[in-house]
Amino acid sequence: MQASAVQNASAPAQVDMLIVGAGITGLYQLYRALESGLSAVLLEAGKGIGGTWFWNRYPEARFDSESYTYAYLFSKELFDDWRWSEHFAAQPEIERYLNHVADRFDLRRHVRLDARVTSAMFNENSGTYTIESSDGSTHIARYLVAATGVLSVPFYPSVAGREDFAGESYHTGLWPSTPVDFKGKRVAVIGTGSSGVQIVPAIADEVASLTVYQRSPNWCTPLNNRPITEDEQLGLRADYTTIKQTLDTSISGFLHEPYKRASTDDTLEERQAFYEKLWNSPGFSKMTSNYSDFFTNADLRKEFSEFIAGKIRGLVNDPATAELLIPKDHIYAQKRPPYATGFYEAFNKPNVKLVSLKETPIQKVTEKGVETAHGVEEFDIIVWATGFDFARALQRMGIRGRNGVALEDAWRDGPSTFLGIQATGFPNLFFPGGPHGAAANNPRYNGDQVDFTMELLAYMRERGYDVVEPSQAAEDQWSNTVNAMASYSPFSPEHSYYFGSNIPGKPRKFLLNPAGRGMLFDVMAKSREAQFNTFVMSQGRACIDDSETASATQQTGEQS
Ligand code: NAP
């Protein structure tokens, strides 16, 4: 294929790889594609680079994975010359970092912003995709990589009158790039997931009043963020090789040390002292460095939850509010727990109050505010911190594979994938960071998927193949394993958006990889050792050849 991404008025642009999404995974995929000599274009719906970290720019949006574990590890020079200011960086710094990466590796000239993909049709004869986007461009690409993320389609609940509100309203996942002025305003925040618990303490001091509408409380524990000291900066650089090795192989994708002891090794008193240590430890280490039986022992998680409940009662002055903030419907880690700074303490401020929607559901939104059984409360601003439709972006892009089948229809009952990378019937479509792939610190898993894809494409290139999809057997095995192992996941189907439970009508299917990175590595290694026999490879025609007479030469595909 011609390595030309430049489009003229009369012909679609041709490119080896078209990537969708300028988030952390899409930029890495672009870097790897260019490095391997492919021509590549990246289309991004937003007006800037950053993906999640472009759209989620609400006050106090920040990492809850350590900055240097979430960031790229592919370049020691990049690791050395970027100084994260805090262990958990805030959105502006993350956005600056991703722009820095785009500039440092000369990626920007391959990126088209403000270009939302509207359709992507697979051409059987040529083995390519024709991709149309909202900026009027058409591309023909050999490979289509949808790095569209899983938490990228904001979800608005269908509350009557939502559109009638005459004040300002925002979704945390679609935050405007011009600053929102909260000063002296009457503000409602609806939702208390990871986004809600970050924005509440961030705006509590400047608003006239803040009403937090909570449907289900979460087990929110302290992020324990702090600046990275000069010694730590030096240590990070000195330890790059070890850090990279740990993050490239660790099951969780974190640097947190797993704890060797089981809860039964300790007395109740010792356990309480350990929980206190965990409470003061950074971010996800409350899960990743908890007792070795943490994920298999529900009694332990109940006890840990009780410990947190005690903390909430100690932090919130009003006992009734404290009780409302303590989850009663799930134990710790049955849902993805949020991490924040000062969330519970915010309710001690005289201008902040909690409305529990379990007792008083929202009846409707009116022109002036939010109506519950207690009447209408008037607001200047409503913030919808109501989450996302997991992995929806991939399905609403208008992708059609073999025989014109839409991905949306193929996945009507939930996703079916091999390694969370590809799906049968959709040759040359890859979706790193999509469903069935990750189970912990996302960029590490997504990077594994990009690396594996590039290995597969290199193998194919050496042998003259350029059309690939997983074998049906490989996909069935992976997807059946995901579905079968879902019941071993600590996450609860009733409560976790990982099962699609937050979206009315969405099929209840597990959307992560419940067997974790170990299984991902294992199946990738087996596929690699067996000359990628979990895939069916063939030769397509030249990209611009749309002749109906062309026929692909099928070569491999020993079913695993
Ligand atoms: P979320 O965890 O899905 O939380 C959505 C919130 O909206 C929940 O409290 C939910 O209540 C509420 N809600 C939904 N529908 C509602 C309705 N009809 N009426 C009232 N409340 C309603 O979404 P999120 O907070 O945006 O977080 C999503 C994910 O994004 C996180 O789990 C995390 O993976 C990621 N995230 C990460 C960071 C970070 O890294 N620092 C920050 C933010 C988000 P119910 O629980 O009752 O459904």
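Buried means under 20% relative accessible area, exposed over 50%, and partly exposed in between. With that in hand, welcome to these close-ups of a predicted model.

**Close-up 1. F294 and F295 form an edge-to-face pair.**
Let us start with F294, which has a relative accessibility of 1% and therefore counts as buried. F295 comes out at 39%, so this residue is partly exposed. A pair of aromatic rings is described by the distance of the centres and the angle of the planes. For F63 and Y70 the centres are 4.4 Å apart and the planes stand at 35°, so that pair is tilted. For F294 and F295 the centres are 5.1 Å apart and the planes stand at 80°, so here the pair is edge-to-face.

**Close-up 2. F63 and Y70 belong to one aromatic cluster.**
Are the two residues of the tilted pair buried or exposed? F63 is buried, at 1% relative accessibility, and Y70 is buried too, with a relative accessible area of 15%. The cluster they belong to also takes in Y28, Y31, W53, Y72, F74, W82, W84, Y97 and F105. Across the model, the count of aromatic pairs comes to 49.

**Close-up 3. Two arginines each hold a charged end over an aromatic ring.**
Look for R162 and the ring of Y156: the charged end of R162 sits over that ring, 4.1 Å from its centre. The ring of F294, which you met in the opening view, has a charged end over it as well. Which residue supplies it? It belongs to R301, and the distance to the ring centre is 6.0 Å.

**Close-up 4. Strands 13, 14 and 15 make an open antiparallel sheet.**
The 3 strands follow the order 13-14-15. Which strands lie at the edges? They are strand 13 (364-365) and strand 15 (375-378), each pairing on one side only. Strand 13 pairs with strand 14 (residues 369-372) in the antiparallel sense, over 2 bridges. To follow the pairing residue by residue, find V365: its bridge partner in strand 14 is V370.

**Close-up 5. D448 is a buried residue of helix 16.**
Helix 16 spans residues 442-463, and D448 is found in it. The relative accessible area of D448 is 11%, under the 20% limit, so D448 is buried. What does D448 touch, not counting residues up to four places away in sequence? Its contacts are R517, L520, F521 and M524.

Definitions and conventions:
Residues numbered from 1 in each chain as written. Predicted model: local features only at pLDDT ≥ 70, side-chain atom pairs only at ≥ 80, totals over all residues. Heavy atoms only, no water. Phe/Tyr/Trp six-rings, centres within 6.5 Å; stacked < 30°, edge-to-face > 60°. Buried < 20%, exposed > 50% of the residue type's maximum accessible area, 1.4 Å probe, protein only. Lys NZ or Arg CZ within 6 Å of the ring centre and 35° of its normal. Pairing = 2+ DSSP bridges. Helix = DSSP H or I, 4+ residues; strand = E, 2+ residues; numbered from the N terminus. Contact = heavy atoms within 4.5 Å.
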